[in-house]
Amino acid sequence: MSDITAKKAKASPTKEFFVNMITRDITLEDSILDLIDNSIDAAWQMAGSHAMTLGDDTDLSAFKITLTLSEDQFTISDNCGGMTLDNAVDHAFSFGRKASQEREEFSIGVYGIGMKRAVFKLGKNVRVRSQFRGDNGSPLSFAVPINVTDWLADERPSWDFDIVEDDVRSEYGVVIIVNELTWPAKTAFGNPAFVENLRRMIARDYSLHLGRGLKIEVGDEQIIGANLELAMSEDFSPMRISYEDKQDGESVSIEMLGGMAAPPPDSVEPDDRFDGDKRFGWYVACNGRIVMAADKSSIAGWGTKDWPQWHRQYAGFIGIVLFSASNTAALPLTTTKRSVDQSSDVYRSAQLKMRDLSKVWIAYTNQRKQALEEAKRKEAAARAVPISLVEVKPAIALPSLNVQRVERPANVHYSVPVQRMKRLARALGNINLTYREVGVRSFEYTYDDFVGDE
Amino acid sequence: MASFDAVNYSLRPSKAIQRQLVFEGIRKLHERLRLSDSVYVGLGSVWFTDFVLAHEILNINDMISMEVDDIGFARAKFNAPYATVQVRKGSSTDTLPELLADRYINKRPWVVWLDYDGGFDEGLMDDVKLIVENVPSNSTFLITFNAHEMNYGNAKERPERIRQLFGDTVPDNLSKKKCKTPRLRHTLAGFAVDFMKSVAATGRRKEAFVDTVQIVYQDGAPMVTVGGMLAAPETVNKIRDAAGNAGWRCRPERVIRAPHLTIREALALQAMLPSEDSLNRDNVQEAGFDLKVEQIEIYEEYYREYPKFAEVRT
C-alpha cells in the first residue's frame, strides 16, 4: 500500500501542449502588437513611467520601432534601451510572471507571456538580441537563439533557453528576428491587405503614443497615428470628465470623453458606403494602449440593460475611456488586449456613465429627424478638435432643435445593375455618390421635368 | 460599342508588343515548371489574336472564348481560327463558373486572360475574385484594363473610387497625386496585383498568387496588363526566380508607346539592328527619315516583337 501512495500521477505539461495552448487563441496581428507593446513599455520606462493622461505631454520622439515582414522573415527592432541580462535570465523568457517580480509601472505587458507567445506564433527559428547599458556605462550585448523544433523535442525538464554573447550594435535596444515562418505567418506577410490592415491597426491602437512622437515603421513606411477628434461649436460640446476608482484595492484613474465626431447619416438604410460607420462607437485605452476601438457591441454595453442596440442612426458618435494604473493588473485588459474584461469593477462602473452619455446622443439623433435641415446646418458649423484639447465639461451639450411635423414619407427601394448606377453617378457629377443620393437626384430631376412647380 | 467595331486590333503596335512579351514569358514559365496540357480561356472577340499566339507559342489546343454579344457570337464562331477553339455565349461572369465546374478542364492548368477595353470596375473585380479563388493550381491569370483617368471619376473623387475597387490593400492616405496621370497607371497596376495577392491569401486555397506581369502600354488610352500564377507551394520559388531574372521582360519600367511606322520605315530601322551602340536620331536621319528619341528607343527595345504586317492573318 505504501508503495502506491508514494507514487504520483504525472501532471506536468508537455512543451508542445503548452505552446499550442498559449498560441491558439491569439491572432497573428495581436502577437505582433504584443511585441510592439514590449518595445513601448521599454520606451515608457525610459521616459519616466507615469500615468498617460490626455493632458500629459511626454516626448517619445527619440524612440523608434521598426518592423519588416516578408514571406521569409519577420523582424522587429527598437532603440528603447534594451533588455538587461538580469531581466533576460530571471524574467523575460520565463512563462508567466512571478509574484515576487518587480513591476514595470504603467506598462501594457501584463502576463509575462507576450514575447514567447508571439514568436511561437510567428516562426520556428528565432533570435532575440539585446543591447543595454551596463552598470559601468558601457554597452553589453547578448542574444537568445531559439530553435523551436529542437526545444520542443527536448523532453528534459528544464524549459530554459541558452543565452549567448552577441555583437555590439550602434543602439541600445532589442531586435527580434524570426525565420522559418509558420504557414499562417508566411501567407499573411505575402498578403498586401494584411500588411495594410496591420498598419491601420497600429495607427489606431497606438494613436496616443504616436501622437507623443513615437515612431513606428512597417516595411519602410512610417505610421501616422489616427486622429481621434470631437466636434465643437456654440451648440456642440463634448463631455470630458476624470475620476479615480479602485480595483482590488489598487487605484485606477479614468478619463472619459464623448460627443459628435461627424454628422449622423441622413438615411439609416444600409447603403453602398462600405466603411460608413467604421470609426464610430466606444474606444477604451488601458495605460495608453487602445484595446477596444469603435465598439458597437454589448462589450461597450450596446443592447444590454437599458441601453439600445447600436443602430446606423447613431453613427457620428465617438466615446473614449482611458484607464491608467501603476499596476497593470488593475486595468480591465483581456489577455489578447483586443477587448476589455467585462467583469472588471472599474469597467462596470464606467459603463454606467458610458450608457448615460450614449443615451443623450441617441435622443439627439431621434430628435434631429424632425428638424433635419436645422440640425444639419448646426452640425456643419461645428469644427473637429483633437481629444486632448477638448475642454473639461461634466456633460455633453447638443443643440436644441425646433421640431416640426414632417409630411408622411414614401420610401423607395429598387435594384439596378451596379455598372449603370456608377455611370449615372458619374454623369450626375460624382462617381462616389451613394446609391441613395443618385436615387434622390434622379427623382428630383424627373420630378422637375414631368411635374415641375405645383 | 463592342471592341471589334471600335478598332482593328492589328493596327495597335504597342498592344501587339505587349502580347508577344506576355506569351513569351508564359512559355518560359511553362517550360521551367514542365507544364503541359493547358487550357486557354479568353475574350477572343472576332480577331482571336491571343488565341493564335496561345496555340503557336504555348502549344495549347483546348481554347475557350467568351462572347456576350449576339452578333459578336455569330462572328466569333465564324472566325474561330482552329478546330479546337470553342466559343461560349455569355458574359465572363456567367460563363466562368460553368467553365470552373467543367471536369474535362478543371484539373488542368489554365491560362486565363481577361483582356478588356474598359476600366477596372465592379464586374472585373468579381471576375478576378472568382478566378483567383477557383482556378486550378499552376494556372496563369492576366487582366488588361483601361487606365485612363476618367474611368475613375474626377481627380477629387478618384482616391475614394480606387479604395472602393481594390479594398483593404489601398492605404487610407492615398494621395491625389498618385491618382493622376502619369502615376495613376502604375498606381492601378500595383493595386490590381495586390488585390489578386490578397484574394489568394485570404481564400482557402494553398496556392499563392505570384505576380509575374506588370505592363503599361499605350496606343490610344493607357492600358494596364497585370497577372501572375496561382503557384502550388513547391513551385513558388521557381516562378519567383524566373520572373526576378534580369532577362525577364514582362515588367518593363517604362510605358510601351510604340511608334506607328510604315513598312518601309520599320524595315530600314530593322536593317540597322541588332547593334552594339544604341540607335540614335542621327542614324535615323541618315536613313532618310526622322523619329523622336523615345520612339527610337522603344523600337530598338522591342523590334523583335514589333508587328510584321505580313503576319496579320485573321
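Reader: In helix 6 of chain B, which residues are buried?
Author: Helices (H or I, at least four residues) and strands (E, at least two) are DSSP runs, numbered from the N terminus. A residue is buried if 20 or more other C-beta atoms, placed from the backbone, lie within 10 Å of its own, exposed if 12 or fewer, and partly exposed in between. By that count the buried ones in helix 6 of chain B are L124(B), I131(B) and V132(B).

Reader: What kind of model is this, and how are residues and chains labelled?
Author: This is a predicted model: local features need pLDDT of at least 70, side-chain atom pairs count only at pLDDT 80 or more, and totals for chains, interfaces and linings use all residues. Residues are numbered from 1 along each chain as its sequence is written, while chains are lettered from A and ligands numbered from 1 in the order in which they are written.

Reader: Why do the buried residues of helix 6 of chain B line one face?
Author: Look down the helix axis and take the directions from the axis to the C-beta atoms; the arc is that of these directions. The buried residues of helix 6 of chain B line one face because they fall within an arc of 95°.

Reader: Which elements do those buried residues pack against?
Author: Contact here means C-beta atoms, placed from the backbone, within 7 Å. In chain B the partners of the buried residues are helix 5 (92-100), strand 4 (110-119), strand 5 (140-146), helix 8, strand 6 (208-218) and strand 7 (222-231).

Reader: What span should helix 6 of chain B have, at 1.5 Å a residue?
Author: The expected span is 1.5 Å times one less than the number of residues. Helix 6 of chain B has 13 residues, and its end C-alpha atoms are 18 Å apart. That agrees with the expected 18 Å.

Reader: How many residues of chain B touch chain A, and how many of chain A touch chain B?
Author: By the contact rule, 19 residues of chain B meet 18 residues of chain A.  On the chain B side, helix 6 (122-134), helix 7 (158-166) and helix 8 (183-202) each supply at least two residues. Helix 8 of chain B gives the most, with five. The totals asked for are 19 from chain B and 18 from chain A.

Reader: How does the chain B side that touches chain A divide into nonpolar, polar and charged residues?
Author: Ala, Val, Leu, Ile, Met, Phe, Trp, Tyr, Cys and Pro count as nonpolar, Asp, Glu, Lys and Arg as charged, and the others, Gly among them, as polar. On that basis the split is three nonpolar, seven polar and nine charged.

Reader: Why is strand 2 of chain B largely enclosed?
Author: Strand 2 of chain B covers residues 62-67 and has six residues. The rest of the structure largely encloses this strand, because the buried ones number five of the six.

Reader: Which strands pair with strand 2 of chain B?
Author: Two strands pair if DSSP finds at least two bridges between them. Four bridges join strand 2 of chain B in the parallel sense to strand 1 (residues 39-42), with S65(B) as the bridge partner of G42(B). Five bridges, also parallel, lead to strand 3 (residues 85-89), where I64(B) stands opposite Q86(B). The partners are strand 1 and strand 3 of chain B.

Reader: Which helices complete the right-handed β-α-β units with strand 2 of chain B?
Author: A crossover is right-handed if, with the strands pointing away from the viewer, the path from the first strand over the helix to the second runs clockwise. Between strand 1 and strand 2 of chain B the helix is helix 3 (residues 49-58). Between strand 2 and strand 3 of chain B it is helix 4 (residues 70-79).

Reader: Which peptide bonds of chain B are cis?
Author: Most peptide bonds are trans. P182(B) lies in the loop between helix 7 and helix 8 of chain B, and its cis bond has omega about 0°. P274(B) is in the loop between helix 10 (263-270) and helix 11 (281-286) of chain B, with omega near -5°. The cis bonds include T181(B) to P182(B) and L273(B) to P274(B).

Reader: Is N138(B), with its positive phi, buried or exposed?
Author: Phi of N138(B) is near 65°, and the residue is not glycine. N138(B) sits in the loop between helix 6 and strand 5 of chain B. With 20 C-beta neighbours inside 10 Å, N138(B) counts as buried.

Key: Two residues are in contact if their C-beta atoms, placed from the backbone, lie within 7 Å.
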